[in-house]
Amino acid sequence: MADEAHYRELIDTLNRYARAYYVDDSPLVPDAEYDRLYRELEDMERADPALAAPDSPTRRVGGAAVSAFASVEHRVPLMSMGDIFNDEELSDFDRRMSEFQDGAEVEYCAEPKLDGLALSIIYRDGMLERAATRGDGRVGEDVTANARTIKAIPLRLTGDFPAYLDVRGEVFMPRDGFEKWNERARARGGKPFANPRNAAAGSLRQLDPSVTASRPLTFNAYYVGQFEGGSLPDTQYGRLQALKAMGLPVNPNAKVEHGAKGLREFYEDMLARRPTLNYDIDGIVLKVNSLPVQERMGFTAKNPRWAIAYKFPPEEMMTKLLGVEFQVGRTGAITPVARLRPVYVGGATVSSATLHNEDEIRRLGLKLNDTVIVRRAGDVIPQVSGVVLEKRVPEEAKDIVFPAVCPECGSKIERLEGEAVARCTGGLVCPAQLREGVLHFVSRDAMDIEGFGDRIVEELVSSGKVRSVADLYRLSEHDLASLMLEGEKEGRKARFLGSVVAAKLVASIDKSRTVPMNRFIYALGIREVGSSTARTLATHFKSLDELMGADLNALMNLPDVGVVVAEHILDFFREKHNQEIIRELTDQSDLFSAHITLTPLEQASAGGSLAPLAGRTYVLTGTLDSMDRNSAKERLQALGAKVSGSVSKKTYAVICGSDPGSKLTKATELGVRILYEDEFLKSLAQLEGKA
Ligand code: 9MJ
């Protein structure tokens with residue numbers, strides 16, 4: 001007989017951990033500890049089938065697949081909302097709200113408008129009973145089994161809750177999960193999602209709940225549709241806090257604002273922060289905060305009178321595909337890049353976007369001169385997410401021909417069976433691969449040779465001054481000073497690098513002559529060997545010779561090294577030219593080759609390059625609610641970051657608490673990224689969990 005008290009305790013503990021993670025954004029334990037307890041719970045339930053609590057986290061998966069969703073009628077319809085798009089309409093809205101309250105300044109609850117899929121969830125006596133999509137507002141689809149797989153949705157409420165609660169909110173896919181999902185889909189030649197909204201909708205409307213369970217979905221509650229048997233605060237903001245106390249995640253950015261001025265500030269603030277959020281928002285939602293006022297105002301035929309959606313400029317826009325270029329990467333990978341008629345989207349003018357690979361072009365059914373949908377959200381590079389077939393002009397639409405030979409060196413392009421990527425086979429003769437290889441070699445996490453930008457490297461390669469990375473160490477000040485940056489044109493003289501910059505470059509090359517082994521391994525640019533694998537290699541092999549002599553077995557015995565990576569490593573070191581370059585760089589017996597001295601593995605905790613925030617400088621401004629300035633500073637430093645007192649172009653990010661000072665203004669002027677407390681806490685938790 002299993003210990004029922006222990007069983008209950010396990011469930012409560014796991015649910016508490018899940019809540020801390022999803023609702024409070026402050027994990028209580030590392031993921032591994034959650035997993036350990038979860039497995040213990042699974043074992044108990046397997047051993048004794050009588051143990052089957054409805055709020056057991058194991059019950060999130062395992063619902064049976066259905067052939068169609070049942071229709072459900074919402075007792076209270078899910079409402080739609082009016083839209084506004086500019087400041088004038090905002091003033092009109094505020095005026096209407098104020099007139100209804102005899103001209104008094106109106107108190108609002110202002111919230112980001114999540115761009116996902118609306119869901120109504122019914123809790124009876126605190127237990128999740130049913131979840132349904134919006135449908136047409138009146139009748140939706142029963143997606144209970146799927147909703148149960150979303151870990152942010154509690155199966156049981158905590159604290160005080162009404163006996164019957166119909167809570168409304170949004171299911172969405174965070175941007176990081178969306179990007180990761182798409183990356184994997186593309187690598188497998190699968191079908192990526194066009195945007196996180198489609199991803200959320202497609203994932204929630206799966207007949208097999210185990211498919212939904214595999215997708216990185218989350219949920220925020222934002223409204224109470226109906227409740228019975230209990231009481232709730234009589235403001236929208238108060239209700240959000242009450243929902244949170246019940247264990248439902250609510251968006252941390254909701255705020256009480258006063259009058260049109262307050263709403264305007266909220267709009268500007270959310271618009272500025274939009275690129276830094278890990279989820280898509282397409283605007284803000286403004287609700288009169290007082291429920292009694294809401295009730296008196298009521299609804300028009302379509303919408304509530306007391307709320308409005310103020311939309312942001314879109315992150316997706318239509319434009320014309322003018323051409324496709326094929327770029328060659330360090331490993332020869334050919335990436336098609338769309339040249340677009342410039343379009344303002346997601347806060348920037350975009351004139352090119354990645355098309356990923358040949359399959360993607362085919363999947364999109366893309367032709368030259370098509371009208372396409374460009375998506376630019378957050379910091380992610382712009383993508384072509386679709387073709388507007390309706391606007392295709394048949395006479396103009398031309399096929400896009402994937403090249404058979406490398407545009408830079410003329411070597412054959414090859415695409416291996418089962419791979420999504422096509423590659424130039426030119427290897428050493430391809431100037432593009434050399435250029436990209438050099439750029440990788442000098443990059444921050446690699447040899448960290450400052451000052452070598454695209455233009456300089458391009459010229460070094462095309463002038464023949466650099467034929468391999470070893471040549472970097474043979475460059476003289478004179479070689480560099482005479483580098484031509486711009487040819488003579490239109491009566492203007494040619495421009496050269498000059499001796500001042502050249503001296504700086506030589507100094508940064510010299511600085512890199514002593515380097516930790518892990519950085520050097522990473523700098524070599526072996527396929528699929530990133531910083532962390534390089535570190536593994538440097539930990540397990542005491543010298544470069546030992547690594548170069550390792551066989552498949554020895555490599556595959558290492559953590560995180562599978563057969564593919566191991567093969568890439570072997571291939572790399574088997575290549576005569578690579579052996580030659582490594583010898584040129586590191587052979588201490590040859591006076592002319594002793595360019596680089598390798599030192600032992602760099603310690604991550606000492607703020608080395610592999611400490612997650614190494615090389616980044618942060619500035620704190622304002623008051624943080626959750627910790628004092630010193631502990632924020634210490635925690636950043638523990639992750640390898642520098643913390644400075646003033647903002648400059650070199651600042652990586654400004655962390656902004658309440659009542660920020662002039663540092664925030666400075667950061668905005670300089671275009672330095674701004675992290676607000678909730679995002680900061682989330683990143684800290686993630687990074688500290690990993691460290
Ligand atoms: C979104 N989409 O973020 C509402 N919404 O409230 C927020 N939607 C809403 N509130 C009542 N934050 C009906 C819809």
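These are my notebook entries on one strand pair and one domain interface.

**Entry 1: the model.** I'm working with a predicted model here. I looked up the domain assignment, which lists domain 1 (4-59), domain 2 (71-311), domain 3 (316-423), domain 4 (427-512), domain 5 (516-603) and domain 6 (610-687).

**Entry 2: a hairpin.** I picked out strand S4 (residues 117-124) and found that it pairs with S5 in the antiparallel sense, over six bridges. I followed Ile 122 across to S5, where its bridge partner is Arg 130. The two strands make a hairpin with two residues between them. I checked the turn too: Asp 125 sits there with a positive phi of about 50°.

**Entry 3: strand S5.** Is strand S5 mostly buried or exposed? I used the cut-off for buried, under 20% relative accessible area. Five of the seven residues in S5 (residues 127-133) are buried, so the rest of the structure largely encloses this strand.

**Entry 4: domain 2 against domain 6.** I got 29 Å between the centres of these two domains, taken over C-alpha atoms. Six residues of domain 2 touch four residues of domain 6. Together domain 2 and domain 6 bury about 450 Å², and carbon and sulfur atoms give 44% of that. On the domain 2 side, Pro 252, Arg 273 and Thr 276 supply 69% of the area buried against domain 6, more than any other three residues.

**Entry 5: charges and polar pairs.** How many salt bridges are there between domain 2 and domain 6? I counted two salt bridges. I also looked at Arg 273, whose side chain meets that of Glu 679 in a salt bridge (4.0 Å, N to O). For polar contact, I noted two residue pairs across the interface of domain 2 and domain 6.

How values were computed: Residues are numbered from 1 along each chain as its sequence is written. This is a predicted model: local features need pLDDT of at least 70, side-chain atom pairs count only at pLDDT 80 or more; totals for chains, interfaces and linings use all residues. Side-chain values use heavy atoms; hydrogens and water are left out. Buried means under 20% relative accessible area, exposed over 50%, partly exposed in between (1.4 Å probe, protein chains only). Helices (H or I, at least four residues) and strands (E, at least two) are DSSP runs, numbered from the N terminus. Two strands pair if DSSP finds at least two bridges between them. Domain bounds come from an automatic or database domain assignment. Contact means heavy atoms within 4.5 Å. Buried area is the accessible area (1.4 Å probe) that two parts lose on being put together, summed over both. A polar contact is a pair of N or O atoms within 3.5 Å; within protein, one must be able to donate a hydrogen and the other to accept it, and residues adjacent in sequence count only if both atoms are side-chain atoms.
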